[in-house]
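Here are my notes for you, as promised. Have the model open while you read, and take the points in order.

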Amino acid sequence: MSIERLDKGARMSEAVIHGNTVYLAGQVAEGPDVESQTKAVLASIDSLLARAGSDKSRILTATIWLSDIKNFAGMNSVWDSWVDKANPPARATSEGKLAAPQFLVEIIVVAARG
């Protein structure tokens, strides 16, 4: 089976497609609060999935990292309005130190395509 990489860089690819599975790198965005960052991250996920031949209804798993678990409700307020309610993915959310202090949320998804 072939492997396709989107937005390949020296360190990582933004997405890797293997067969009918799409693996996205952790998506982050800058913004003044967790809600605006989550909106931007989810828009990035939508865009990458579309380029890979998939969409949010085909997300299998989502892993969400918050820099502060106190932002859980704010992130969920955006997630809940975005997620495909007929096809919600398996999901885990945890607190952890992210790559840079301005990032409040990072989301990683694996999706099916086709």
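1. How many bridges join strand S2 (residues 13-18) to S3? Four, and the two strands run antiparallel. Keep in mind throughout that this is a predicted model. If you want one residue pair to click on, try valine 16, whose bridge partner in S3 is tyrosine 23.

2. Now the turn. S2 and S3 make a hairpin, with two residues between them. Have a look at glycine 19 there, which has a positive phi of about 60°.

3. Stay on strand S3 (residues 21-24) for the side chains. In a regular strand, side chains alternate between the two faces of the sheet. Here Val22 and Leu24 point to one face and are buried. Thr21 and Tyr23 point to the other face and are not buried.

4. S3 also pairs with S6, antiparallel again, over three bridges. Valine 22 has alanine 111 as its bridge partner in S6, and Val22 is also one of the buried residues from the previous point.

5. On the other side of the hairpin story is S1. S1 and S2 pair in the antiparallel sense over five bridges, and glutamate 4 stands opposite isoleucine 17 in S2.

6. Next, strand S4 (residues 59-66). Seven bridges join S4 to strand S6 (residues 105-112), and the two run antiparallel. Isoleucine 64 faces isoleucine 107 of S6 across this pairing.

7. S4 pairs with strand S5 (residues 90-95) as well, but in the parallel sense, over six bridges. Tryptophan 65 has serine 94 as its bridge partner in S5. What do S4, helix H2 (residues 72-82) and S5 make together? A right-handed β-α-β unit.

8. Putting the strands together: six of them form an open sheet, in the order S1-S2-S3-S6-S4-S5, with mixed pairing. Strand S1 (3-8) and S5 stand at the edges with a single partner strand each, so one side of each is left without a neighbour in the sheet. On average, neighbouring strands of this sheet are turned by 10° against each other, if direction is ignored.

9. Last, which strands does helix H1 (residues 34-51) lie across? The list is S1, S2, S3, S4 and S6. The helix runs at about 25° to S6, the strand that takes S3 as a partner over three bridges and S4 over seven.

Technical notes
Residues numbered from 1 in each chain as written. Predicted model: local features only at pLDDT ≥ 70, side-chain atom pairs only at ≥ 80, totals over all residues. Heavy atoms only, no water. Pairing = 2+ DSSP bridges. Right-handed = clockwise from strand over helix to strand, strands pointing away. Buried < 20%, exposed > 50% of the residue type's maximum accessible area, 1.4 Å probe, protein only. Axes fitted to C-alpha atoms, helices over the stretch in contact; angles between N-to-C directions. Contact = heavy atoms within 4.5 Å.
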